[in-house]
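Colleague: I am new to this structure and would be grateful for a close look at a single part of it. Please take the packing of neighbouring helices, and set that part in the context of the chain.

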Amino acid sequence: MSLGDEHEASGGYGGTGQTRTRLPDTGADLYGGARRAGRSSSRSLVTVVGVVVLLIAAIAFANRGGDDASTDGGTGEKPEAAATAPSGRQPVRTKADGIPTGFARDRQGAQSAAANYAVVLWSDRMLNAGERHRILETTADPSALDRLRSGFDANYSADFLENVGLDEDGNAPRGKTLVNRTLPVGTKVTSFSTATATVEVWCNGLFGLAGEDSRTPVTSGWFTVTLKLNWRDGDWKILEASQRTGPTPITGDDPVSGAEEIGEAVKEFGGFTYAR
């Protein structure tokens with residue numbers, strides 16, 4: 001069974017694969033082997049002077065901005081971050097039912113909301129009907145609550161739970177660990193106003209049951225979540241949620257970990273509050 005086929009527009013995962021950064025194997029000792037010729041004292045002096053100059057310049061650059069009060073001519077706001085760089089803005093300080101809330105009414109706030117909502121909407125909590133409904137009551141716009149609840153209930157149907165080896169309440173069998181975790185890679189705003197925003201969140205996800213003889217071993221997939229948000233009662237709320245497969249990088253050649261190691265990792269490594 002393909003897990004990607006079980007989830008449609010408003011929930012689940014699509015695609016498989018994972019990526020790793022690998023260092024090239026040079027096959028040579030970078031610090032041994034051939035002898036190096038001695039350097040003259042004058043060349044050593046130039047090197048020392050150069051290092052001192054660079055150190056002074058680095059200290060001056062680090063102290064140039066002072067505190068975080070102003071970095072763009074005294075306006076008190078940071079310049080807009082590049083697409084691949086974080087803004088440096090502090091995460092939210094409030095939560096409701098374990099979900100970050102109170103996002104800023106700007107583009108960065110909308111991206112932070114979308115990233116955190118993607119994490120919880122594609123999490124193991126959604127496999128239990130009671131938890132799922134509480135999450136949607138916290139994150140959904142009241143005008144869209146019934147529609148979103150119906151869509152996610154259909155995705156996490158009794159047939160789906162049975163197919164992946166869970167009971168009717170979304171619990172894993174004894175001796176197995178449910179893994180359903182979403183890891184945002186980046187966000188992109190496709191439309192924005194102070195009233196509504198549409199944000200795409202590129203994600204890597206883990207899904208399956210860790211344990212001996214699992215019918216659905218934990219796999220890694222790549223997908224993009226699109227959330228249309230509405231500004232309501234001082235926060236961003238979800239109007240629409242959808243998912244598509246990819247972009248998916250080439251799978252790495254790292255050795256696959258055993259079920260016990262994966263299960264322990266999920267229990268030991270906690271998640272994050274994401275902020276643009």
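Modeller: The account below begins with the model as a whole, turns to the helix packing, and then follows the chain outwards to several single residues.

The model is predicted, so local features are described only at pLDDT of at least 70 and side-chain atom pairs count only at pLDDT 80 or more, while totals for chains, interfaces and linings use all residues. Residues are numbered from 1 along each chain as its sequence is written, and side-chain values use heavy atoms, with hydrogens and water left out.

The average pLDDT of the protein (the predictor's confidence in each residue, from 0 to 100) is 78, and 70% of the residues score at least 70. Two stretches call for caution. Residues 1-49 stay under a pLDDT of 50, and the model has 77 contacts for them beyond four places in sequence; contact here means heavy atoms within 4.5 Å. Residues 59-79 also stay under 50, with 11 such contacts. Where pLDDT is low, the predicted coordinates should not be read in detail.

The protein has 7 helices and 6 strands. These are DSSP runs numbered from the N terminus, with helices being H or I of at least four residues and strands being E of at least two. Their order along the sequence is α-α-β-β-α-α-α-α-β-β-β-β-α. Of the 276 residues, 33% are buried, that is, under 20% relative accessible area, where over 50% is exposed and anything in between partly exposed (1.4 Å probe, protein chains only). Among contacts between residues at least 6 apart in sequence, 65% join residues at least 24 apart.

The part to examine closely is helix α4 with its two partners, α3 and α5. Helix α3 spans residues 107-121 and helix α4 residues 129-139; their axes come within 11 Å and cross at roughly 165 degrees. Axes are lines fitted to C-alpha atoms, for helices over the stretch in contact, and angles run from 0 to 180 degrees between N-to-C directions. The two helices are therefore roughly antiparallel to each other; under 35 degrees counts as roughly parallel, over 145 as roughly antiparallel, 65 to 115 as roughly perpendicular, and the rest as oblique. The crossing of α3 past α4 is left-handed, a term used if the near helix is turned anticlockwise from the far one by less than a right angle, with right-handed meaning clockwise. From α3, Y117, V120 and L121 meet I135, L136 and T139 of α4. By class, this contact has 5 nonpolar residues, 1 polar residue and no charged ones. Ala, Val, Leu, Ile, Met, Phe, Trp, Tyr, Cys and Pro count as nonpolar, Asp, Glu, Lys and Arg as charged, and the others, Gly among them, as polar.

Helix α4 also packs with α5, at an angle of about 150 degrees and with the axes 10 Å apart. Here the crossing is right-handed. Helix α4 contributes R132, H133, L136 and E137, and α5 contributes L145, L148, R149, F152 and D153. These residues divide into 4 nonpolar, 1 polar and 4 charged.

D153, in helix α5, gives a residue-level view of this packing. Beyond four places in sequence, D153 contacts R132 and H133. D153 and H133 are 20 residues apart along the chain, and their C-alpha atoms are separated by 8.9 Å. D153 counts as partly exposed because its relative accessibility is 26%.

Between the two helices, D141 lies in the loop that joins α4 to α5 (145-155). Its relative accessibility is 0%, so D141 counts as buried. Leaving out residues up to four places away in sequence, D141 touches N230, R232, K237, I238 and L239.

That last list leads to the loop between β5 (219-232) and β6, where D233 is found. D233 is not a glycine, yet its phi is positive, about 55 degrees. At 74% relative accessibility, D233 counts as exposed. Further along, P247 sits in the loop between β6 (235-245) and α7 (259-268), and a cis peptide bond with omega of about -5 degrees joins G246 and P247. Most residues other than glycine have a negative phi, and most peptide bonds are trans.
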